[in-house]
Amino acid sequence: MHGNPKPADDRPATFETAGSADTAGSVDGAERVVLAGDWRNRGIGHVLSDLTAFEARGGSGPLQIDVSGIDMVDTAGAWLIRRLILRQQAAGRDVELAGAGQTLSDLIDAMPTEEPAGSGKTADGRSLFTRIFEPPGRAISGFVGDTVAGMHILGSAVGGAQLKFGRGAGVSPASVVTHIDRMGVQAVPIIVLMSFLIGAIIAQQGAFQLRYFGAELFVVDLVGILQLREIGVLLTAIMIAGRSGSAITAEIGSMKMREEIDALTVIGLNPVGVLIFPRLVALTIALPLLTIVANFSALYGAAVITWAYSGITFQTFLSRLHEAVDYSSVASGMIKAPFMALAIGIVSAVEGMKVGGSAESLGQHVTASVVKSIFVVILMDALFAIFYSAIDF
């Protein structure tokens, strides 16, 4: 904190008042402005309107700015004084600064000598056109970049996922099995619980509505077709995107932060083959198996609820399920699973490779990975639904 050098007894430590800007007529033909009080950041709010009005009024001839009455000043106040000087000089006036001590003079001299250009621009210096069209432009550019990076990863995986550049080594089965255990086996409890509850909720709500039409038995058709064709694989993929997709991004991102991926490249190993390909294979195997588990769990939950809520026995439930569900209902859901698994793995890997050198960057890309993976999964499910409808499958 800075102030004019005056005797300590003239400036008691408890003296803090709002700043003021007063025009005090003319002195020797020069218009005189007196600045006084506390010109620190918390006190200058009272003088902004006075300064604006003075600048809008304009004037001609010399101007003397008396700062001898300023008690305390910081960089905010010093910049206001510098700005006042610059604007008056730009208007063609000769400006004299009077009553400034060495400290205040040095502080004002340290301020920029030119006022930032702001004509036709917003507060951050960007034009309105830029502010409107820059976000969608960045989004489109980012989408194209992510697509190219995803195709690179997929192409590297399909091309052999070699552990060494040009040496033709294979992928370690132990790595794939480890990831299947982490992404598949350890996810079984949460998938079973979620699917059981989803199946029970669909059955309860369906039976409640169909009761008005005396068709409670058709709740079996509802649960069976909806679960096997859509809900089973979709909710399982969403759970895996949040659980395993985020883990993939975090793991690869952490390696990127610690430069371990660069180290793999330096010693001649392909990061795609070492890190990404085993995870893609594990996801492609685990997601269809988890979908099967989810379907059984949901149907069991529906059977329990229909028995307790509507009195439909297990034998009746299974009999009606066999009539309502055919091979196409099971296959239509299972066909989606490997594609969704690849999409989750590729999106997660791309976001992991984009992580910078900070923990904040890691958190941002993990969040982006989950959001983008869920979006891609839902979009893919919609495209499959349109395709199945088109071929009457």
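Reader: Hi! How are α7 and α10 set to each other?
Author: In this predicted model, α7 and α10 are oblique to each other (not under 35 degrees, over 145, or 65 to 115). Helix α7 covers residues 219–257, and helix α10 covers residues 314–324. Helices here are DSSP runs (H or I, at least four residues), and strands are E runs of at least two.

Reader: At what angle do α7 and α10 pack, and how far apart are their axes?
Author: The angle is about 60°, and the axes of α7 and α10 are 9 Å apart. Axes are fitted to C-alpha atoms, over the stretch in contact, with angles from 0 to 180 degrees between N-to-C directions.

Reader: Is the crossing of α7 and α10 left-handed or right-handed?
Author: Right-handed, with the near helix turned clockwise from the far one by less than a right angle.

Reader: Which residues of α7 and α10 meet there?
Author: From α7 come Val220, Asp221, Gly224 and Ile225, and from α10 come Phe317, Arg320, Leu321 and Ala324. Contact means heavy atoms within 4.5 Å. By class, this contact of α7 with α10 has 5 nonpolar, 1 polar and 2 charged residues. Asp, Glu, Lys and Arg count as charged; Ala, Val, Leu, Ile, Met, Phe, Trp, Tyr, Cys and Pro as nonpolar; the others as polar.

Reader: Nice. And how do α6 and α9 pack?
Author: Helix α6 (residues 188–210) and helix α9 (residues 271–310) have their axes 7 Å apart, at an angle of about 40°. That angle makes α6 oblique to α9. The two helices, α6 and α9, make a right-handed crossing. On the α6 side the contact includes Val188, Ile191, Phe196 and Phe208, while α9 brings Leu290, Val293, Tyr300 and Tyr309, among others. The contact of α6 with α9 holds 16 nonpolar and 7 polar residues, and no charged ones.

Reader: Let's switch to single residues. Is Val233 buried or exposed?
Author: Val233 is buried, at a relative accessible area of 1%. Buried means under 20%, exposed over 50%, and partly exposed in between (1.4 Å probe, protein chains only). Val233 belongs to helix α7.

Reader: What is Val233 in contact with?
Author: Beyond its neighbours within four places in sequence, Val233 is in contact with Thr291, Gly333, Lys336, Ala337 and Met340. The C-alpha atoms of Val233 and Asn295 are separated by 8.2 Å, with these positions 62 residues apart along the chain.

Reader: And where is Ser373?
Author: Ser373 sits in helix α12 (residues 359–391). Ser373 is buried, also with a relative accessible area given as 1%. Not counting residues up to four places away in sequence, Ser373 touches Ala241, Ile344, Val347 and Ser348.

Reader: What about Ser328, buried or exposed?
Author: Buried, with a relative accessible area of 17%. Ser328 is part of helix α11 (residues 327–353), and Arg229 and Phe393 are what Ser328 touches, leaving out residues up to four places away in sequence.

Reader: Where in the chain is confidence lowest and highest?
Author: Strand β1 (residues 20–27) is lowest, at a mean of 49, and α6 is highest, at 92. The score is pLDDT, the predictor's confidence in each residue from 0 to 100. For the chain, mean pLDDT is 81, and 86% of residues reach 70 or more. Over residues 5–20 pLDDT stays under 50, as over residues 161–168.

Reader: Anything else on how the numbers work?
Author: Residues are numbered from 1 along each chain as its sequence is written, and side-chain values use heavy atoms, leaving out hydrogens and water. In this predicted model, local features need pLDDT of at least 70 and side-chain atom pairs count only at pLDDT 80 or more, while totals for chains, interfaces and linings use all residues.
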